[in-house]
Amino acid sequence: PVPKYYPKMSPSQFLEWERKQEYKHEYVNGEVFAMSGASYNHNNIASNIIGSIWNYLKGKSCNIFGSDLRISVKWRDSYFYPDAIIVCDEPEFDDEKIKDTLKNPAVIFEILSSSTEDYDIGRKQMYYMQIESLQQYIIIDSQKMHVRVITKREEERTWKFDEFSNTEDKIFIEPIQFEITVGDLYKGVKL
């Protein structure tokens with residue numbers, strides 16, 4: 001995404017400003033980016049993710065949230081709105097009074113569109129991989145059947161990259177021990 005012209009702000013100025021805005025913005029290393037609306041396919045995939053996982057997590061210690069919960073990346077004082085996140089155990093917030101900026105996601109889902117692909121696979125991916133609590137970053141293409149799963153390998157201090165593109169391929173979401181097929185992620189999506 002290309003930033004509109006916004007005056008330079010510190011992270012704290014951004015949060016104060018963002019809380020008063022009608023539309024969402026991301027803050028990346030000092031730059032402010034306006035968030036655009038999402039396509040039918042994008043929203044369909046998001047609904048499939050949240051619907052499938054929310055049901056499975058009922059009564060467990062993890063929760064799934066949609067795109068309105070902001071996360072912080074302290075590594076570069078940046079703030080993002082992923083399409084969905086899973087939080088396990090007790091959520092931690094930048095500000096415990098306001099509770100609108102989460103610090104400890106276990107899984108982040110981003111759904112690609114043509115306008116965000118380079119950003120989500122490039123800069124965002126590098127930022128997300130610096131979040132200590134993050135165990136998986138799952139990137140789903142909204143224009144073709146393709147899912148990239150990036151999983152932290154704690155013991156080796158590395159990240160494992162897997163790619164899936166067949167409806168019967170199974171994606172295992174490790175932090176919650178949940179398996180979903182690529183076909184289930186794309187149910188009702190017109191490609």
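**Entry 1: a pocket**

How do the residues of the lining of the second largest pocket divide into nonpolar, polar and charged? I looked this up in a predicted model. The lining holds three nonpolar, four polar and four charged residues. I then noted who they are: Ser72, Val73, Lys74 and Trp75 come from one run of the list, and Gln130, Ile131, Glu132 and Ser133 from another. Glu92, Lys103 and Asn104 also line this pocket. For its volume I wrote down about 160 Å³.

One lining residue, Trp75, caught my eye again when I looked for charges over rings. The charged end of Arg76 sits over the Trp75 ring, at 4.6 Å from its centre.

**Entry 2: aromatic pairs**

How many aromatic pairs does a search of the whole structure find? My count from that search is 10. A pair of rings is described by how far apart the centres are and by the angle of the planes, and I kept both values for two of the pairs.

I began with Tyr56 and Phe178. Their ring centres are 4.6 Å apart and their planes stand at 40°, so I filed the pair as tilted. Where do the two partners lie? Tyr56 is in helix H2 (residues 40–57) and Phe178 in strand S13 (residues 178–181), so this pair ties together parts that are 122 residues apart in sequence.

Buried or exposed? I checked both partners. Tyr56 counts as partly exposed because its relative accessibility is 26%, whereas Phe178 is buried, at 12%. Tyr56 has a further neighbour to note: Lys60 lies over the face of its ring, 4.2 Å from the ring centre.

Next I turned to Tyr128 and Tyr137. Here the centres are 5.0 Å apart and the planes are at 90°, so the pair is edge-to-face. Tyr128 is buried at 0% relative accessibility, and Tyr137 is buried with a relative accessible area of 0%.

I also found a cluster. Ring pairs link Tyr6, Phe14, Trp17, Tyr27 and Tyr79 into it.

**Entry 3: Arg148**

Which side chain does the side chain of Arg148 contact? I found a polar contact with the side chain of Glu163, at 3.4 Å. Arg148 has its place in strand S10 (residues 147–153). With a relative accessible area of 18%, Arg148 is under the 20% cut-off, so I entered this residue as buried.

Definitions and conventions: Residues are numbered from 1 along each chain as its sequence is written. This is a predicted model: local features need pLDDT of at least 70, side-chain atom pairs count only at pLDDT 80 or more; totals for chains, interfaces and linings use all residues. Side-chain values use heavy atoms; hydrogens and water are left out. On a 1 Å grid over the protein atoms alone, a cavity is a set of points where a 1.4 Å probe fits but cannot get out, and a pocket is an open set with protein on both sides within 12 Å along at least five of seven lines; lining residues have an atom within 4 Å of a point. Grid points are joined across faces, edges and corners, and a volume is the space filled by probe spheres set on the points. Ala, Val, Leu, Ile, Met, Phe, Trp, Tyr, Cys and Pro count as nonpolar, Asp, Glu, Lys and Arg as charged, and the others, Gly among them, as polar. Rings of Phe, Tyr and Trp (its six-membered ring) pair if their centres lie within 6.5 Å; planes under 30 degrees apart count as stacked, over 60 as edge-to-face and the rest as tilted. Helices (H or I, at least four residues) and strands (E, at least two) are DSSP runs, numbered from the N terminus. Buried means under 20% relative accessible area, exposed over 50%, partly exposed in between (1.4 Å probe, protein chains only). A charge sits over a ring if NZ of Lys or CZ of Arg is within 6 Å of the ring centre and within 35 degrees of the ring normal. A polar contact is a pair of N or O atoms within 3.5 Å; within protein, one must be able to donate a hydrogen and the other to accept it, and residues adjacent in sequence count only if both atoms are side-chain atoms.
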